[in-house]
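Me: Please take me through this structure by question and answer, with the reasoning set out for each reply.

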Amino acid sequence: MLRAMIVDDEAPARSELRFLLEQTGKIGSITEASSVRSAIEMLMGTRVDVVFLDISMPGASGLQLAEALYKLKNPPAIVFVTAYSDHAVEAFDVDAVDYLMKPVEEARLDRAIEKVIARAKPVPVEPVAKPTNIERIPVEKGGRKVLIPVDQIRFIMAKDDYSCIFTEDDRYLSTTSLAQFESKLGEFGFFRVHRRYIVNLVNVEDVETVPSGAIQLGVSGVDERIPVSRRRVVPLKKALNL
């Protein structure tokens, strides 16, 4: 059930709107204010979900109140209820949920309330997919399987029918193809820079343009310079925020 406030300087208009709101069965409480000033005073001590707001009132206008509420961290929804149609653009500039013309029609009011309810509902958060359990990958070393943490890998190079995995102080062979590594390790910050190389971007120390115009990467912990194919230069720079 919504908590509502009606702000209108005309008592008959407030009474009529109160009656219509009560008929919807969707409003739990209703407070009334006859001016922007009194509305602000009430809002300081009362939490409401939606303000049904006239525009043309003596003193400060309804648009001025809406602008002030719009700046709040958790503002109430605003539904303008007015006899004038020429403020619609300004109304939606302050993120109004709806703009109703007097005399208010029941069906139109009900649709406005449904919009308020829809906005108030929390947006469902999609569960974050957990990375596949490959924080360590199996490799061949001296005839045995060794599990290497992916954050220790500097780069991977295709070599004949194998992939050669380079860490800071060693290298290992794997029968997993470079394409398979690219698919598995992409979410861990690895990037395919060349048909023969995948690099762990967190370990890239420098990007060098050699005299031929080609790009090479310096990777921490290894002496070898990693070539970058021309078609991968632009996406690589984006990945490195260059």
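The exchange below concerns a predicted model and takes up a sheet, two pockets and two residues.

Me: In which order do the five strands of the open sheet lie?
Reply: The two edge strands, each pairing on one side only, are strand 2 (27-33) and strand 5 (98-101). The pairing within this open sheet is parallel. Read across the sheet, the five strands have the order 2-1-3-4-5.

Me: Which residue of strand 4 does Phe52 stand opposite?
Reply: Strand 3 (residues 50-53) and strand 4 (residues 77-82) run parallel and are joined by four bridges. Phe52 has as its opposite residue in strand 4 Val79.

Me: What angle does the direction of helix 3 make with that of strand 4?
Reply: Helix 3 (residues 62-70) packs on the sheet, where it touches strand 1 (2-7), strand 3 and strand 4. Between the direction of helix 3 and that of strand 4 the angle is about 175 degrees.

Me: How many charged residues are in the lining of the largest pocket?
Reply: The largest pocket holds about 320 Å³ of space, and 17 residues line it, with Asp49, Pro75, Pro76, Ala77 and Arg119 nearest its centre. Helix 3, strand 4 and helix 5 (106-120) each give two or more residues to this lining. By class, the lining has eleven nonpolar residues and one polar residue, and the number of charged residues is five.

Me: Which helices each supply at least two residues to the lining of the second largest pocket?
Reply: The volume of the second largest pocket is about 180 Å³. Its lining comprises 13 residues, and those nearest the centre are Leu43, Met44, Leu69, Leu72 and Pro76. Ten of the lining residues are nonpolar, two are polar and one is charged. The helices that each supply at least two residues are helix 2 (36-45) and helix 3.

Me: Which backbone oxygen does the side chain of Thr24 reach?
Reply: Thr24 belongs to helix 1 (residues 11-24). A polar atom of the Thr24 side chain lies 3.2 Å from the backbone nitrogen of Lys26. Beyond its neighbours within four places in sequence, Thr24 is in contact with Asp110 and Ile113. At 2.6 Å, the Thr24 side chain reaches the backbone oxygen of Leu21.

Me: What distance separates the C-alpha atoms of Arg171 and Arg154?
Reply: Arg171 is part of strand 10 (residues 171-174). Not counting residues up to four places away in sequence, Arg171 touches Lys141, Cys164, Ile165 and Phe166. Arg154 is 17 residues from Arg171 along the chain, and the separation of their C-alpha atoms is 9.9 Å.

Conventions. Residues numbered from 1 in each chain as written. Predicted model: local features only at pLDDT ≥ 70, side-chain atom pairs only at ≥ 80, totals over all residues. Heavy atoms only, no water. Polar contact = N/O pair within 3.5 Å; in protein donor to acceptor, adjacent residues only side chain to side chain. Contact = heavy atoms within 4.5 Å. Pairing = 2+ DSSP bridges. Axes fitted to C-alpha atoms, helices over the stretch in contact; angles between N-to-C directions. 1 Å grid on protein atoms, 1.4 Å probe; cavity = no way out; pocket = protein on both sides within 12 Å on 5 of 7 lines; lining within 4 Å. Points joined across faces, edges and corners; volume = space filled by probe spheres on them. Nonpolar A, V, L, I, M, F, W, Y, C, P; charged D, E, K, R; others polar.
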